[in-house]
Amino acid sequence: MDNVYDTIIIGGGPAGLSAAIYAARGKMNTLLFEKGRLGGQISITDELANYPGFFSENHEELHPKYLIEKMENQAKYFGANIEFKEIASVKLDSKIKEVTTTDGTVYKTKTVIVTTGAEPRKLGTKGEREYTGKGISYCGTCDADFFTDLEVFCIGGGDTSVEEAIYIARFARKVTLVVRKDYLRCANSIEEKAKNNPKIEIKFRTELLEVKGDGMIQSAIFKNNETNEEWEYKADEEDGLFGVFIFVGYNPVSKLFDGMLDMEDGFIIAGEDMKTNVDGVFVAGDLRPKLAKQVVTACSDGALAALSAEKYIEYSFG
Ligand code: NAP
């Protein structure tokens, strides 16, 4: 069969790159699509401390870009093709599947491995969209530097919010963690670090209602959800602005597969073999409901998806 790939991988984070390495090394004709930059969510962090074997006492060398680069080179070395294009639609219901990119090109493939991951969840607060990039951010590593010596609010009480608050506190004058419950939902070790950081204050039972300003955020309205009392925080006159970082979880990027693949709250369901409900379609990484969304588990998923795809081709195409 001419011009039919063995597998097309959609998404170039750790799960997708790992799938590409395993598929290409297994002599599968492999094409990976990435719409932005390779690395997925780890490309917006500055340090990766717990990926086995990727270690250095020099923190600079723990930047995820080095791991991503190695994974990319490894996939290409074994023969994987990587294209930077966005997918417009997929057709999965026939034995030979079709993946169409936004430039209208149709690619044919025997299997599809979906590794589109997740993206930061929006809060839905008044002014959030208008002030994104003008005081509102979803990435501490990308934007903390911008708020050097300024005040910052971090919304959310999970691991991401608390870890990011600690990171941002290296730059900001003060960081206030705004948590809607009366407890943090993060690892004890991280909680202890935050509570011992003199630059970090935690406001429980508090929600952000609105952000306002003249170009940049200069005011925010908060509410205590126990007493219903509302209060306004205004930027210090000398500062003229402050930052609001939103870390309230992640949404799966699965819209492309609505109505085609079985999902649970947008996460695509698969077992240990990464098989979805559609023959020849596999899923890997943060897009799958799982206990721990980590680089190491994403890579493991990617490897399993590629091995399952290889087996599927053997049985279904001979
Ligand atoms: P998460 O665990 O889902 O926590 C989200 C936080 O945002 C919770 O405090 C939640 O409050 C709050 N929240 C959600 N919607 C909100 C809203 N509309 N208004 C106000 N607050 C809202 O998300 P995450 O921290 O991004 O972590 C995601 C996964 O990655 C977790 O499994 C986490 O353990 C893992 N992770 C691990 C590490 C690590 O091990 N070092 C680091 C980062 C992430 P409620 O509790 O009230 O829902």
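## Strand E5 and its neighbours

Let's start in the middle of a run of strands: E5 pairs with strand E6 (residues 106–114) in the antiparallel sense, over four bridges. Pairing here asks for at least two DSSP bridges between the two strands. Helices (H or I, at least four residues) and strands (E, at least two) are DSSP runs, numbered from the N terminus. Everything here comes from a predicted model, in which local features need pLDDT of at least 70 and side-chain atom pairs count only at pLDDT 80 or more, while totals for chains, interfaces and linings use all residues. Residues are numbered from 1 along each chain as its sequence is written, and side-chain values use heavy atoms, with hydrogens and water left out.

Across the E5–E6 pairing, glutamate 98 stands opposite lysine 108 in E6. The two strands form a hairpin with four residues between them, and glycine 104 in that turn has a positive phi of about 90 degrees. Strand E4 (residues 87–91) also runs antiparallel to E5, joined by four bridges. Five residues link E4 to E5 in a hairpin, and valine 90 has valine 99 of E5 as its bridge partner. Strand E5 (residues 97–101) is mostly covered, with four of its five residues buried. Buried means under 20% relative accessible area, exposed means over 50%, and partly exposed lies in between (1.4 Å probe, protein chains only).

## A parallel sheet

An open sheet of five strands follows the order E8-E15-E9-E10-E11, with parallel pairing. Strand E8 (136–137) and E11 stand at the edges with a single partner strand each, so one side of each has no neighbour in the sheet.

Inside this sheet, strand E9 (residues 151–155) and strand E15 (residues 243–246) run parallel and are joined by four bridges. Valine 152 has its bridge partner in E15, namely glycine 243.

## Helix H1 against helix H6

Two packed helices are described by the angle between their axes and the distance between the axes. For helix H1 (residues 14–25) and helix H6 (residues 295–317), the axes come within 7 Å and cross at roughly 40 degrees. Axes are lines fitted to C-alpha atoms, for helices over the stretch in contact, and angles run from 0 to 180 degrees between N-to-C directions.

The crossing of H1 and H6 is right-handed. A crossing gets that label if the near helix is turned clockwise from the far one by less than a right angle, and is left-handed if anticlockwise. On the H1 side, the contact (heavy atoms within 4.5 Å) is made by Pro14, Ala15, Ser18, Ala19, Tyr22 and Ala23. H6 contributes Val295, Ala298, Cys299, Gly302, Ala303, Ala306 and Leu307. These residues divide into 11 nonpolar, two polar and no charged. In this scheme Ala, Val, Leu, Ile, Met, Phe, Trp, Tyr, Cys and Pro count as nonpolar, Asp, Glu, Lys and Arg as charged, and the others, Gly among them, as polar.

## Helix H5 and its two sides

Which residues of helix H5 (residues 188–195) are buried? They are Ile190, Glu191 and Ala194. Seen down the axis of H5, the buried residues fall within an arc of 100 degrees, so they line one face of the helix. That arc is taken over the directions from the helix axis to the C-beta atoms. On the other side of H5, Asn188, Ser189, Glu192 and Lys193 are exposed.

The cover over the buried residues of H5 includes helix H4 (159–168) and strand E11 (200–203). H4 and H5 pack at about 40 degrees with their axes 10 Å apart, in a left-handed crossing. Here Asp159, Val162, Glu163 and Ile166 of H4 meet Ile190, Lys193 and Ala194 of H5. The contact residues divide into four nonpolar, no polar and three charged.

## Single residues to look at

Aspartate 265 has a phi near 55 degrees, a positive value in a residue other than glycine. Aspartate 265 lies in the loop between strand E17 (263–264) and strand E18 (267–268), and is exposed, with a relative accessible area of 73%. Is methionine 274 buried or exposed? Methionine 274 is buried, with a relative accessible area of 1%. Its phi is also positive, near 65 degrees, and its place is in the loop between E18 and strand E19 (281–283).

Glutamate 69 belongs to helix H2 (residues 64–77) and is partly exposed, at a relative accessible area of 46%. Glutamate 69 and glycine 39 are 30 residues apart in sequence and 8.7 Å apart in space, C-alpha to C-alpha.
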